[in-house]
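Reader: I should like to learn how the surroundings of a bound molecule are read. May we work through an example together?

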Amino acid sequence: MAIQNLETHFQEKVDQEIKIEPKDWMPDAYRQTLIRQISQHAHSEVVGMLPEGNWVTRAPSLKRKLALLAKIQDEAGHGLYLYSATETLGISRSELIDQLHSGKAKYSSIFNYPTLSWSDIGAIGWLVDGAAIMNQVALCRTSYGPYARAMVRICKEESFHQRQGYDILLTMCRNSETQRQMVQDSVNRWWWPSLMMFGPNDSESPHSAQSMKWKIKRVSNDDLRQRFVDMTVPQAEILGIKLPDPELKWNEERKHYDFGNIDWDEFWRVVNGHGPCNKSRMEARIKAHEEGEWVRDAAMAYAEKQAERQDVQSKIQYS
Ligand code: BYC
C-alpha cells in the first residue's frame, strides 16, 4: 500500500476509536511521539519515588509508613508497566534509561521540588497525584492499546494515593493549629507547581494539536488544568486551607473558577534543569542504577540458567 493510503487508513482507525496495536502500521512521527510521552511518564513515576522515599524513615506512625511504602512500590510498578508499553514501540529499556540519565529525556517538573516536612507528603498525594489522575483518566482512552491498558490499572492505584494524601492533611488540619499551619505552608509551596504539571498553555504547546488529532491526548492541557482547579477548590475548603492565589474566584458565567497567571518562566527553568532539586534527583537516580547492577546481572544469570534447564528438560521429554 502507498504511504498516503497507509496514513489515511491509520487515521480512519483512530477516528473510529479502534486501538492501534504494536504490530499495526503507524506513522513514524506517531511512534516517536508515543516513545517520548510514555517514557517521560515512566521516568516521572521512577523519579517521583525520590521525594517520598526521603520520608519513609520519618513517617509519624506505622500505619502511615506502610501506606507510604505501598505508594512508592506502586510507583515503581507504574514505571515498569510504562517502560514495557514503550518497549512495544521498538526501543529498549536500557536506551530509555540512558536518555533519562544523560538529560535527553524529560520527566515531570514537579519532582524537582523538595519535600521539607511530613505535610509535604500529604500535599503530594492530594495535589500531585490529584493532578496526575486528572491527566491519566483521559489517557485510559488514548489511541495506543498498550498505553491505554497500562493507564487503567495505574489510575486505580493513583486514586488510592490521592486519598491517602488527603487523609494525611485532614488529620493534621484537625489535630492542632500548628499542624494546620504546616499544611498551609505545604499547600503554598505545591499549588503552583501542581498546576504546571499539565504543561504549557494550549496556545504554547507544540505537540498538542497533532497529539489530539491522533487521540494520544484526549483533553487539552488547559482543559485538564481547569478541571483540576474546579475539583480542588471545594476540597481545600473542607480542609480549612487557603489556596495561594488572590485571583481565584468562582465565575458564575463560565461556571468555572478563574485563577491567576502561572509563572511560566519558573516552569521552563525547572524543565530545563535549573529547579531546586534537578541535580540531586539525577545523581540519586544514577547512583541507584549503578548500585543495582549486581541485581540485574543476578536476575539475568538466573533467567539464563532457567532457560537452559527448560531446554534440557524439553530435549529429554521429546527424545
Ligand atoms: N514537566 O507540547 P507539550 C506521576 C514538556 S507525575 C516536564 O504540551 P505534550 C506521578 C513536554 O514534554 C505525572 N516537561 O507536550 C505522580 C514538551 O517537551 P519535549 C507524569 C513538561 O507531551 C505522583 C514541552 O514541554 N505524567 O505520574 O503534548 C507520584 C511542550 O509541552 C511538562 C505524565 O507524564 C512537565 N510538567 O504534553 C509519582 C502524563 N509539561 O518533549 C508519579 C503523560 C510539558 O518536546 N504525559 N512538558 O522536549 C502527558 O500527558 C503529556 O506529555 C503532558 C505534556 C501533558 C505532560
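**The ligand and its pocket**

Author: In this predicted model, a polar side-chain atom of Gln40 is placed 2.7 Å from an oxygen atom of the ligand. A polar contact is a pair of N or O atoms within 3.5 Å; within protein, one must be able to donate a hydrogen and the other to accept it, and residues adjacent in sequence count only if both atoms are side-chain atoms. The side chain of Lys217 likewise has a polar atom 2.6 Å from a ligand oxygen.

Reader: How much of the ligand does the protein bury?

Author: The ligand taken alone exposes 1,000 Å², and the protein buries 93% of that (Shrake-Rupley method, 1.4 Å probe; for residues, only the protein chains shown count as cover).

Reader: How many residues surround the ligand?

Author: A residue is near if one of its heavy atoms lies within 4 Å. There are 33 residues around the ligand, and Gln40, Lys106, Ser205, His207 and Lys217 are the closest. The shell comprises 14 nonpolar, 12 polar and 7 charged residues (Ala, Val, Leu, Ile, Met, Phe, Trp, Tyr, Cys and Pro are nonpolar; Asp, Glu, Lys and Arg charged; the others, Gly among them, polar).

Reader: On what basis are such values given?

Author: Residues are numbered from 1 along each chain as its sequence is written, and side-chain values use heavy atoms, with hydrogens and water left out. In this predicted model, local features need pLDDT of at least 70 and side-chain atom pairs count only at pLDDT 80 or more, while totals for chains, interfaces and linings use all residues.

Reader: Which side chain besides these has an N or O atom 3.1 Å from a ligand oxygen?

Author: That side chain belongs to Glu45.
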